[in-house]
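Visitor: I should like to take a close look at one place where two helices pack against each other. Please describe it for a first-year student, beginning with the protein as a whole.

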Amino acid sequence: AWLIPADAFEHVDAVLVLSGDPFFNRTRWAAVLVKEGKADFIIVTGKGWGEDDNEILAAEAIRLGVPPSKILHEEKSTTTFENISFSQPIIEEMKFARVAVVTTSCHQRRATLVAKHAWGDAVEVVSAPVYEDQWCPRRGWYSSEDARGRVLDEYLKILLYWRRGWL
């Protein structure tokens, strides 16, 4: 589906985990990528509480077996746009050329578009969505009123982000 882009890839320099990960699905997928050698680092994002806080996401990644030395922190963001924009200095400092964006499946298109716009040609953006996702199931989303609402919400946010010049 158009809303859920996914790129095949062998290796990326880092995986960017967007905040707002209440079930740690994004963090779990990023940990798998690092442990399988498909990514060198995880960048956790977010300033907030619970699943919106980079420290909580980092603690979960460590619990899942990712060495702390492989986790980088973006500590100021509160939105998708900020997650990506505020991670750019980390990406530049580390000289990352390929970064996989990891988020929930129905959020993947917007996040990938924002990353490509924000980072331009300096970084190859790889789309690596989480498919096991309570918020937006890959199959049968149309049978759930809640999931239909999330999908509609994403399309509206894509329009809003486009209008603001963030895509």
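Guide: This model is predicted. Read from the N terminus, its elements follow the order β-α-β-α-β-α-α-β-α-β-α, which amounts to 6 helices and 5 strands. The radius of gyration is 15 Å, close to the 15 Å that the globule rule gives for 167 residues, so the protein is as compact as a globular protein of that length. Along the principal axes, the C-alpha atoms fill a box of roughly 40 × 35 × 30 Å. Of the 167 residues, 47% count as buried. Among contacts between residues at least 6 apart in sequence, 75% join residues at least 24 apart.

Let us now turn to the chosen part. Two packed helices are described by the angle between their axes and the distance between the axes. Here the pair consists of helix 5, residues 108–119, and helix 6, residues 145–164. Their axes lie 9 Å apart and form an angle of about 20°. Because angles under 35 degrees count as roughly parallel, helix 5 is described as roughly parallel to helix 6. The crossing of these two helices is left-handed.

Which residues of helix 5 and helix 6 meet? Helix 5 contributes R109, R110 and V114, while helix 6 contributes E154, K157, I158 and Y161. By character, the residues of this contact comprise 3 nonpolar and 4 charged, with no polar ones. The contact of helix 5 with helix 6 therefore joins nonpolar and charged residues, under a classification in which Val, Ile and Tyr count as nonpolar, and Glu, Lys and Arg as charged.

Technical notes. Residues are numbered from 1 along each chain as its sequence is written. This is a predicted model: local features need pLDDT of at least 70, side-chain atom pairs count only at pLDDT 80 or more; totals for chains, interfaces and linings use all residues. Side-chain values use heavy atoms; hydrogens and water are left out. Axes are lines fitted to C-alpha atoms, for helices over the stretch in contact, and angles run from 0 to 180 degrees between N-to-C directions. Helices (H or I, at least four residues) and strands (E, at least two) are DSSP runs, numbered from the N terminus. Angles under 35 degrees count as roughly parallel, over 145 as roughly antiparallel, 65 to 115 as roughly perpendicular and the rest as oblique. A crossing is left-handed if the near helix is turned anticlockwise from the far one by less than a right angle, and right-handed if clockwise. Contact means heavy atoms within 4.5 Å. The radius of gyration is taken over C-alpha atoms; the globule rule is 2.2 Å times the number of residues to the power 0.38. Buried means under 20% relative accessible area, exposed over 50%, partly exposed in between (1.4 Å probe, protein chains only).
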